[in-house]
Amino acid sequence: MNEDKVFIEIKMSSGWYMTVSAIKSDKFEEEKEFVEIAKIRGDQKRSRFNINPKYVRTLGEALIKFADDNKL
């Protein structure tokens, strides 16, 4: 992963933020990388979704297509 940009924060309404960050976990025997999408309010992560880095582009393209198809 590109180490220069490993964190993006998107301001939402009512004090909520969505973050997208590259995370390395050594929870298992080998160090694994994943991308975490989290919803944050008051410096606490309220919900999280972890995705394998190889699917991030596919997710992004699917979100853009969804927005375009639904005129969002």
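**Strands, salt bridges and exposure**

Guide: Strands E3 and E4 run antiparallel and are joined by seven bridges. The model under discussion is a predicted one.

Visitor: What makes E3 and E4 a pair of strands?

Guide: Pairing requires at least two bridges between the strands. E3 and E4 have seven, so the requirement of at least two is met. One position in this pairing is Val35, which stands opposite Ile51 of E4. The two strands form a hairpin with two residues between them, and Gly42 in its turn has a positive phi of about 65°.

Visitor: How do you know that E2 pairs with E3, and in which sense?

Guide: Ten bridges link E2 and E3, in the antiparallel sense. Against a threshold of at least two bridges, the pair therefore qualifies. Within this pairing, Met18 has Lys39 of E3 as its bridge partner.

Visitor: What can be said of E1 and E2 by the same test?

Guide: E1 and E2 are antiparallel and share five bridges, so they too satisfy the minimum of two. Lys11 is matched with Tyr17 in E2. Four residues separate the strands of this hairpin, where Ser14 takes a positive phi near 55°. The loop between strand E1 (7–11) and strand E2 (16–25) also holds Met12.

Visitor: Why is Met12 called buried, partly exposed or exposed?

Guide: The relative accessibility of Met12 is 33%. The class of partly exposed lies between the limits of 20% and 50%, so Met12 is partly exposed.

Visitor: Which nonpolar patch includes Met12?

Guide: Met12 belongs to a surface patch with Ile8, Ile10 and Met18, and the accessible area of these residues together is about 310 Å². Membership requires over 30% relative accessible area, a limit that Met12 passes because its value is 33%.

Visitor: What makes Ser21 buried or exposed?

Guide: Ser21, a residue of strand E2, has a relative accessible area of 10%. Buried means under 20%, so Ser21 is buried. Beyond residues up to four places away in sequence, Ser21 touches Val6, Phe7, Phe34, Val35 and Glu36.

Visitor: Why is the contact of Glu36 and Lys45 called a salt bridge?

Guide: Side chains of opposite charge can pair when their charged atoms come close. For Lys45 and Glu36, the N to O distance is 2.7 Å. The cut-off is 4 Å, so the pair qualifies. Glu36 is buried, at 5% relative accessibility, whereas Lys45 is partly exposed, at 42%.

Visitor: How do you know that Arg48 forms a salt bridge with Glu36?

Guide: The closest N and O atoms of Arg48 and Glu36 are 3.7 Å apart, and the limit is 4 Å, so this pair also counts. Because Glu36 lies in strand E3 (residues 32–41) and Arg48 in strand E4 (residues 44–51), the pair ties together parts twelve residues apart in sequence. Arg48 has 57% relative accessibility and therefore counts as exposed, the threshold being over 50%.

Visitor: What makes Glu36, Lys45 and Arg48 one network?

Guide: The salt bridges of Glu36, Lys45 and Arg48 share partners. Glu36 is bridged to Lys45 and also to Arg48.

Visitor: How do you know that Lys24 and Glu33 meet in a salt bridge?

Guide: Their side chains come to 3.9 Å, N to O, and the distance allowed is within 4 Å, so the bridge is counted. Both ends are partly exposed: Lys24 has a relative accessible area of 47%, and Glu33 has one of 34%. By this rule the count comes to four salt bridges.

Visitor: Which residues is Lys45 in contact with, leaving aside its neighbours within four places in sequence?

Guide: Lys45, in strand E4, is in contact with Glu36, Ala38, Lys39 and Ile40. Ile64, by comparison, is 19 residues from Lys45 in sequence and 25 Å away in space, C-alpha to C-alpha.

Visitor: How do you know that the span of helix H1 is close to the one expected?

Guide: Helix H1 (residues 56–69) has 14 residues, and its first and last C-alpha atoms are 20 Å apart. The expected span is 1.5 Å times one less than the number of residues, which for H1 gives 20 Å, so the two values agree closely. After H1 comes Lys71, with a positive phi near 50°.

Key:
Residues are numbered from 1 along each chain as its sequence is written. This is a predicted model: local features need pLDDT of at least 70, side-chain atom pairs count only at pLDDT 80 or more; totals for chains, interfaces and linings use all residues. Side-chain values use heavy atoms; hydrogens and water are left out. Patches are made of residues with over 30% relative accessible area and no salt bridge: like charges are joined within 9 Å, nonpolar side chains (Val, Leu, Ile, Met, Phe, Trp, Tyr) within 5 Å. Accessible areas come from the Shrake-Rupley method with a 1.4 Å probe; for residues, only the protein chains shown count as cover. Buried means under 20% relative accessible area, exposed over 50%, partly exposed in between (1.4 Å probe, protein chains only). Contact means heavy atoms within 4.5 Å.
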